[in-house]
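The following exercises are to be worked with the sequence and the three-dimensional model at hand. Each task is followed by a solution in steps.

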Amino acid sequence: MGLEVFPIQVTLKDGPKVMLAPLDPEQGKPLRDFYRALPEEDRQFLKDDVTSEGWCERFLKKVESREVVSLVARSGQKVVAEGSLYRALYGWTRHVGELRVAVCPDLRRKGLATEVAKALVQIATDLGIEKLIVQVVEHQVPARRTFEKLGFHQEAVLPHHVMDLQGQKRDLLLLANDVSHIWAAMEALDSDFTPMD
Ligand SMILES: CC(C)(COP(=O)(O)OP(=O)(O)OC[C@H]1O[C@@H](n2cnc3c(N)ncnc32)[C@H](O)[C@@H]1OP(=O)(O)O)[C@@H](O)C(=O)NCCC(=O)NCCS
């Protein structure tokens, strides 16, 4: 999937529609507002402290340098979800991509993270990425389940690798999948639910 196919309208479970498109680097404010509005218990599970000074500017620079591909889902002008594909442009992990997704609380369990992740997987395969990983903190059930349904499996546990916002150390689980395996799981999901218009 090339970026030229966007914007795409996605119809979620129970009917709401959102527009999915690559992040416009000029639109940092709605992205920052989205992340700042996430409840603290959700921000615990994000790798970056998205409320820290300069986070958004640093993120936009990574998007501009192509180290990150970012997709945002919007309802009107409001960002309601964001998903990122991180990759090393050079070096020994240049065949590996990392996915991260966040969805606003009032649109959860409607398949939005799944749709964002699926689009990122397609973009990743187009970029030649062969292996995808997701980093989740222990007990982070929603993210773990979302990616397991897409064919990811636990590949490693790094004990006490995460320090949360309160300074408590937690285990980090590395979920991984070969991209070619992901497609079979996606096709199975599509047979239950086809949200794209
Ligand atoms: C994880 C997150 C992105 C999931 O978003 P979502 O749009 O609700 O996910 P989906 O609707 O696509 O859910 C896919 C599947 O994951 C599982 N799942 C999602 N949330 C779940 C929950 N709270 N409890 C149990 N299973 C859950 C379900 O199996 C679900 O499918 P189903 O609703 O058909 O049963 C969202 O909860 C979030 O933003 N959390 C905070 C940030 C975060 O943890 N990000 C992950 C970093 S990689």
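**Exercise 1. Histidines with positive phi**

Histidine 139 has its place in the loop between S6 and H5. The model is a predicted one.

Task: State what value phi of histidine 139 takes, and whether this residue is buried or exposed. Then treat histidine 160 in the same manner.

Solution.
Step 1. Phi of histidine 139 is near 70°, which is a positive value in a residue other than glycine.
Step 2. A residue counts as exposed if 12 or fewer other C-beta atoms lie within 10 Å of its own. Histidine 139 has 10 other C-beta atoms within 10 Å and is therefore exposed.
Step 3. Histidine 160 lies in strand S7 (residues 153-163). Its phi is near 55°, again a positive value in a residue other than glycine.
Step 4. With 10 other C-beta atoms within 10 Å, histidine 160 is exposed.

**Exercise 2. The N-terminal strands**

Task: Determine which peptide bond is cis before S1, and in what sense S1, S2 and S3 pair.

Solution.
Step 1. Proline 7 belongs to the segment before S1. The peptide bond that joins phenylalanine 6 to proline 7 is cis, with omega about 0°.
Step 2. Four bridges link strand S1 (residues 8-11) to strand S2 (residues 17-22) in the antiparallel sense. Valine 10 has valine 18 in S2 as its bridge partner.
Step 3. Five residues lie between the strands in this hairpin, and aspartate 14 takes a positive phi near 75° there.
Step 4. S2 also pairs with strand S3 (residues 68-75), in the antiparallel sense and over four bridges. Here methionine 19 stands opposite arginine 74 in S3.

**Exercise 3. Strand S5 and its neighbours**

Task: Identify how S5 pairs with S4 and with S6, and explain why S5 can be called largely enclosed.

Solution.
Step 1. Strand S4 (residues 78-87) and S5 run antiparallel and are joined by seven bridges. Alanine 81 stands opposite valine 103 in S5.
Step 2. S5 and S6 pair in the parallel sense, over three bridges. The bridge partner of glycine 97 in S6 is leucine 132.
Step 3. Because seven of the eight residues of S5 are buried, the strand is largely enclosed by the rest of the structure.

**Exercise 4. The largest nonpolar core**

Task: Name the residues that touch the most other members of the largest nonpolar core, and the helix that gives the largest share of this core.

Solution.
Step 1. The core has 39 residues, and those that touch the most other members are Ala73, Ala81, Leu112, Val116, Ala117 and Leu120.
Step 2. Helix H4 (residues 112-126) gives the largest share of this core, nine residues.
Step 3. Leucine 120 may be followed outward: leaving aside residues up to four places away in sequence, it touches Val69, Leu71, Gly83, Leu85 and Leu99.
Step 4. As a general background, nonpolar side chains tend to be buried together in soluble globular proteins.

**Exercise 5. Helix H5 and the ligand**

Task: Establish which residues of H5 are buried and which exposed residues lie on the face turned away from them. Then describe the shell around the ligand.

Solution.
Step 1. The buried residues in H5 are Ala143, Thr146 and Phe147. They lie on the same side of H5, because they cover an arc of only 90° around the axis.
Step 2. The face turned away from the buried side of H5 carries the exposed residues Val141 and Arg145.
Step 3. The packing partners of the buried residues of H5 are H4, S6 and strand S8 (169-178).
Step 4. The ligand is surrounded by 23 residues, of which Arg108, Ala113, Thr114, Pro142 and Arg145 are the closest. Strand S5 (96-103), H4, strand S6 (131-137) and helix H5 (141-148) are the elements that give two or more residues to this shell.
Step 5. H5 provides the largest share of the shell, five residues. By character, the shell divides into twelve nonpolar, four polar and seven charged residues.

**Exercise 6. A loop and a separation**

Task: Locate glutamine 77 and state how many Å separate its C-alpha atom from that of glutamate 138.

Solution.
Step 1. Glutamine 77 is found in the loop between S3 and S4. It is exposed, with 7 other C-beta atoms within 10 Å.
Step 2. Glutamine 77 and glutamate 138 are 61 residues apart along the chain, and their C-alpha atoms are separated by 34 Å.

Terms used: Residues are numbered from 1 along each chain as its sequence is written. This is a predicted model: local features need pLDDT of at least 70, side-chain atom pairs count only at pLDDT 80 or more; totals for chains, interfaces and linings use all residues. A nonpolar core is a set of buried Ala, Val, Leu, Ile, Met, Phe, Trp, Tyr and Cys residues joined through C-beta atoms within 7 Å. A residue is buried if 20 or more other C-beta atoms lie within 10 Å of its own, exposed if 12 or fewer, and partly exposed in between; C-beta atoms are placed from the backbone. Two residues are in contact if their C-beta atoms, placed from the backbone, lie within 7 Å. Two strands pair if DSSP finds at least two bridges between them. A residue is near a molecule or strand if its C-beta atom, placed from the backbone, lies within 6 Å of it. Ala, Val, Leu, Ile, Met, Phe, Trp, Tyr, Cys and Pro count as nonpolar, Asp, Glu, Lys and Arg as charged, and the others, Gly among them, as polar. The arc is that of the directions from the helix axis to the C-beta atoms.
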